[in-house]
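The following note offers a set of comments for a reader who is new to protein structures. Please keep the sequence and the model in view while reading the numbered points.

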Amino acid sequence: MKYSPSISIIIPTLNEEKLISQTISQFTAEIKEKFNIELIISDGGSKDKTLNLLNRVVDSVITVKPGEFQNISAGRNAGVGQANGDLLYFFNADTFIQDIEEFFKKTVSSFKDRKILACTCNIKVFPNEAIFKDRVFHSFYNNYVRMLNSLGMGMGRGECHIIRKDVFLHVKGYNESLSAGEDYDLFRRIRKLGKIKFLKNLTVYESPRRYRKFGYRKVIGDWTRNSLSVLFKNRSVSKVWEAVR
């Protein structure tokens with residue numbers, strides 16, 4: 001039996017040949033049919049083998065014109081332009097879901113409450129790569145995100161944004177002028193219209209690549225500066241968010 005409403009998964013990519021196969025492989029034909037899913041890849045101009053690694057589970061591939069620059073906000077918004085689902089699921093190209101059937105069952109069920117406009121969940125580092133620092137930081141940060149949503153401020157990391165499509169369109173999507181903090185900005189605007197649910201029993205995983213390259217001190221510092229700038233000045237401090245591959 002197919003679940004309703006239908007789901008559009010949107011994944012922005014840029015030179016993701018190392019991880020994209022693992023990411024899309026979790027959305028099997030069986031999972032897609034059971035939960036009425038379409039999978040959309042929005043590529044920002046990959047120069048590696050990313051596009052060659054996309055297989056039949058991908059329903060739509062959107063690419064920028066050669067030489068054109070596209071940040072992650074524009075990539076996600078472009079994906080929505082091809083989306084047919086009532087619910088939009090935004091993942092990054094390194095996002096992997098802990099228990100995929102449970103994930104879709106619980107997220108879809110959450111939207112039976114019409115007051116819920118968006119959802120997010122725990123984000124942790126791939127279990128086989130996690131070290132003590134990763135566990136400590138993500139335990140704290142997941143609770144921090146949960147607390148902000150409970151307090152009515154709105155918060156969600158771009159690794160997992162789940163939003164009603166009509167709400168996304170109403171708030172005009174991701175702010176393409178922001179090179180960083182666009183995920184926080186979107187959920188902050190959505191929270192002004194209704195509730196955001198933090199699903200504490202669900203987890204998605206991410207690669208630790210950014211933490212390994214820059215270290216937690218720099219990553220946290222960059223997040224904090226950009227978030228505060230978005231909150232008070234409606235612009236990001238970072239002019240470009242450096243990709244780590």
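1. Is arginine 188 buried or exposed? The model under discussion is a predicted one, and in it arginine 188 has a relative accessible area of 15%. Buried means a value under 20%, so arginine 188, at 15%, counts as buried. This residue belongs to helix α7. Leaving aside neighbours within four places in sequence, arginine 188 is in contact with Met153, Gly154, Val230, Leu231 and Asn234.

2. The helix that carries this arginine deserves a comment as a whole. Eight of the ten residues of α7 are buried, so the helix is largely enclosed by the rest of the structure. The buried residues are Glu182, Asp183, Tyr184, Asp185, Leu186, Phe187, Arg188 and Ile190. They pack against the helices α3, α6 and α9 and against the strands β6, β7 and β8.

3. The next point concerns the sheet. Eight strands form an open sheet with mixed pairing, in the order β3-β2-β1-β4-β7-β6-β8-β5. Its edge strands are β3 (60-63) and β5 (96-97), each of which pairs on one side only. As general background, the strands of a sheet pair through backbone hydrogen bonds, and they may do so in a parallel or an antiparallel sense.

4. Which strands does β6 join, and in which sense? With β8, strand β6 runs parallel, and nine bridges join the two. Within this pair, asparagine 122 stands opposite threonine 203 of β8. With β7, strand β6 runs antiparallel, and two bridges join them. Here the bridge partner of alanine 118 is isoleucine 163 in β7. Strand β6 is also mostly covered, since nine of its ten residues are buried.

5. At one edge of the sheet, β5 pairs with strand β8 (residues 195-206) in the antiparallel sense, over two bridges. Phenylalanine 96 stands opposite tyrosine 205 in β8. The reader may trace this pair in the model and then compare the parallel pairing of β6 with β8.

6. The pockets should be considered next. The largest pocket has a volume of about 980 Å³. It is lined by 43 residues, and those closest to its centre are Ile72, Asn92, Glu182, Arg210 and Trp241. At least two lining residues come from each of β1 (7-13), α3 (72-80), α7 (182-191), α8 and α9 (216-233). By class, the lining has 16 nonpolar, 14 polar and 13 charged residues. Glu182, named here among the residues closest to the centre, is also one of the buried residues of α7.

7. The second largest pocket has a volume of about 290 Å³. Of the 14 residues that line it, Tyr141, Tyr144, Leu148, Thr224 and Ser227 are closest to its centre. The elements that give two or more residues to this lining are α5 (132-150) and α9. Helix α9 gives the most, with six residues. How do the residues of this lining divide by class, and how many are charged? Twelve are nonpolar, two are polar and none is charged. Helix α9 thereby appears in the account of both pockets, as it supplies at least two residues to the lining of the largest pocket and six to that of the second largest.

8. Lysine 213 illustrates a contact between residues that are separated in sequence. This residue lies in helix α8 (residues 209-214). Its relative accessibility is 49%, and it therefore counts as partly exposed. Not counting residues up to four places away in sequence, lysine 213 touches Glu242 and Val244. The side chains of lysine 213 and glutamate 242 are joined by a polar contact of 3.0 Å. Valine 244 is 31 residues from lysine 213 in sequence, while the C-alpha to C-alpha distance between them is 7.8 Å.

9. A final point concerns aspartate 166, which is found in helix α6 (residues 165-170). Why does aspartate 166 count as partly exposed? The class partly exposed lies between under 20% and over 50% relative accessible area, and aspartate 166 belongs to it because its value is 48%. From glutamate 68, aspartate 166 is 98 residues away in sequence and 29 Å away in space, C-alpha to C-alpha.

Conventions: Residues numbered from 1 in each chain as written. Predicted model: local features only at pLDDT ≥ 70, side-chain atom pairs only at ≥ 80, totals over all residues. Heavy atoms only, no water. Helix = DSSP H or I, 4+ residues; strand = E, 2+ residues; numbered from the N terminus. Buried < 20%, exposed > 50% of the residue type's maximum accessible area, 1.4 Å probe, protein only. Contact = heavy atoms within 4.5 Å. Polar contact = N/O pair within 3.5 Å; in protein donor to acceptor, adjacent residues only side chain to side chain. 1 Å grid on protein atoms, 1.4 Å probe; cavity = no way out; pocket = protein on both sides within 12 Å on 5 of 7 lines; lining within 4 Å. Points joined across faces, edges and corners; volume = space filled by probe spheres on them. Nonpolar A, V, L, I, M, F, W, Y, C, P; charged D, E, K, R; others polar. Pairing = 2+ DSSP bridges.
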